[in-house]
Amino acid sequence: MQNAIKVAVDAMGGDHAPGEIVKGAQAAVKIRKDIHVFLVGKKDAIEKELSKYSYPKDQISIVHAEETIEMAEPPVLAIRKKKQSSIVLGMNMVKQKEADAFVSAGSSGAILVGGQVIVGRIKGIERPPLAPLIPTKKGVSLLVDCGANVDARPSHLVQFAKMGSVYMEHVVGISNPKVAIVNIGAEEEKGNALVKETFPLLKECQDINFTGSIEAREIPYGKADVIVCEAFTGNVILKLYEGLSSTLLGVVKKGLMSSLRSKMGAVLIKPALKETLKSFDASVYGGAPLLGLNGLVVKIHGSSKATEAKNAIIQCVTFKEQKINEKIKENIISASKEEEQEGKNGV
């Protein structure tokens, strides 16, 4: 398969590795014939899991990694010292063009550090953000940043907005996506120092469709396609989203099983309810890409099971086919150069 998208997958990362990760990988290659997966990790453990499944053998290879970076390890030290870890080897495959993408449920810190140090940033990108798709009433929105840059500057948020717009237009297919900044009110004068300083900069951007502020309660309604914030706020939004979804699902199930009458009603509404709840399952949308790197790095939850691993692998195909990195370079870096030139010319 000469034209296959090559995805390196950290088989040892996450709470359910290697079992669920391997299960997700073999499921992905059954769905897509244009994917080749490199499972990076301890060969014996991976082979043991693969032996449980029937799958196209020419679409999965094993890359042995002696070491594993644990969740509690200091990220910078781990990346420097554990050169034979699944995360470092997988990212080096992307750097050396042996793989088009790297997917991991492992240490977030190590993935963020490795993405910048090994894969490297696109020239001109100040900070790469993590950008997951979150379900809304209208479909999905992109939350950027959700965990990479806690202490962001206004210029970082402007680049987040631009990269998010490129992603939503070319990966999700939303023309002229609406961009909003997370705030505590709709008025322009509201917010903390970062929001107040960033708002006018976003307002001046000619290459994004900035619609103003968005309050947290408006996010699930899909008021904006790209939701911009620094990582502290973004991570709180994401975790609350996940926790509330799980809680509501549990409450609904408990209510439906509370009496004979409700159980009878549950049988009737089960198909429609299942389909509705599926649209609010974050695992359906894959992982969070680290935007602005020289190659694709996708972070999935540490608790990810096979479905999220499978969808993250498949997600890499669209990212590669749509040449997102090339479009980020074209739309963001070129625009920055034009603005710089205009400034020199006194325009």
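**Notes on the predicted model**

1. Val236 is partly exposed, at a relative accessible area of 47%. Keep in mind that this is a predicted model. Val236 belongs to helix α8, which covers residues 231-256. Together with Val150 and Phe232, Val236 makes up a nonpolar patch on the surface, and the three share about 290 Å² of accessible area. A residue must have over 30% relative accessible area to join a patch, so Val236 with its 47% clears that bar.

2. On confidence: the protein chain has an average pLDDT of 89, and 91% of the residues score at least 70. Which elements sit at the two ends of the scale? Strand β9 (residues 226-228) has the highest mean pLDDT, 98, while helix α11 (residues 324-344) has the lowest, 68. Where pLDDT is low, the predicted coordinates should not be read in detail. I'd keep that in mind when looking at helix α11, given its mean of 68.

3. Now the salt bridges. The count comes to 10, and I'll pick out a few. Lys52 and Glu49 pair up through their side chains, with 2.9 Å from N to O. Are these two partners buried or exposed? One of each: Lys52 is exposed at 54% relative accessible area, whereas Glu49 is buried at 12%.

4. Arg217 and Glu215 form another salt bridge, and here the closest N and O atoms are 3.6 Å apart. Arg217 counts as exposed because its relative accessibility is 62%. Glu215 counts as buried, since its relative accessibility is 18% and the cut-off for buried is under 20%.

5. Lys162 and Asp207 are worth a look too. Their closest N and O atoms are 4.0 Å apart in the salt bridge. This pair ties together distant parts of the chain, 45 residues apart: Lys162 is in helix α6 (residues 154-172), and Asp207 is in the loop between α7 (193-204) and β8 (209-214). Lys162 is buried, at 7% relative accessibility, while Asp207 is partly exposed at 40%.

6. If you care about pockets, the second largest one holds about 380 Å³ of space. It is lined by 24 residues, and those closest to its centre are Ser108, Cys146, Leu238, Lys299 and His301. Two elements, β5 (133-136) and α8, give two or more residues to this lining. Which of them gives the largest share? That is α8, with three residues. Helix α8 is also where Val236 from the surface patch sits.

7. As for enclosed space, there is one cavity of 30 Å³ or more. The largest cavity holds about 30 Å³. Its lining is made of Asp10, Met12, Gly13, Thr68, Ile69, Ser86, Ile87, Gly106 and Ser107.

8. Two peptide bonds are cis, and you may want to check them before you set anything up. One runs from Ala17 to Pro18, with omega near -5°; Pro18 is in the loop between β1 (5-10) and α1 (19-31). The other joins Val144 and Asp145, with omega about 25°. Asp145 is in the loop between β6 (139-144) and α6.

9. What about backbone phi in residues that are not glycine? Asn176 has a positive phi of about 50°, and it is placed in the loop between α6 and β7 (178-182). Lys323 also has a positive phi, near 50°. Lys323 is in the loop between α10 and α11, and α11 is the element with the lowest mean pLDDT.

10. Finally, a couple of distances for orientation. Val172 is in helix α6 and is partly exposed, with a relative accessible area of 31%. From Val172 to Ala25 the C-alpha to C-alpha distance is 22 Å, with their positions 147 residues apart in sequence. Thr307, in helix α10 (residues 306-321), is partly exposed at 39% relative accessibility. Thr307 and Ala131 are 19 Å apart in space, C-alpha to C-alpha, and 176 residues apart in sequence.

Note on methods. Residues numbered from 1 in each chain as written. Predicted model: local features only at pLDDT ≥ 70, side-chain atom pairs only at ≥ 80, totals over all residues. Heavy atoms only, no water. Patch = residues over 30% accessible without salt bridge, like charges linked within 9 Å, V, L, I, M, F, W, Y side chains within 5 Å. Areas by Shrake-Rupley, 256 points an atom, 1.4 Å probe, with all protein chains shown as cover. Helix = DSSP H or I, 4+ residues; strand = E, 2+ residues; numbered from the N terminus. Buried < 20%, exposed > 50% of the residue type's maximum accessible area, 1.4 Å probe, protein only. pLDDT = per-residue confidence, 0-100. 1 Å grid on protein atoms, 1.4 Å probe; cavity = no way out; pocket = protein on both sides within 12 Å on 5 of 7 lines; lining within 4 Å. Points joined across faces, edges and corners; volume = space filled by probe spheres on them.
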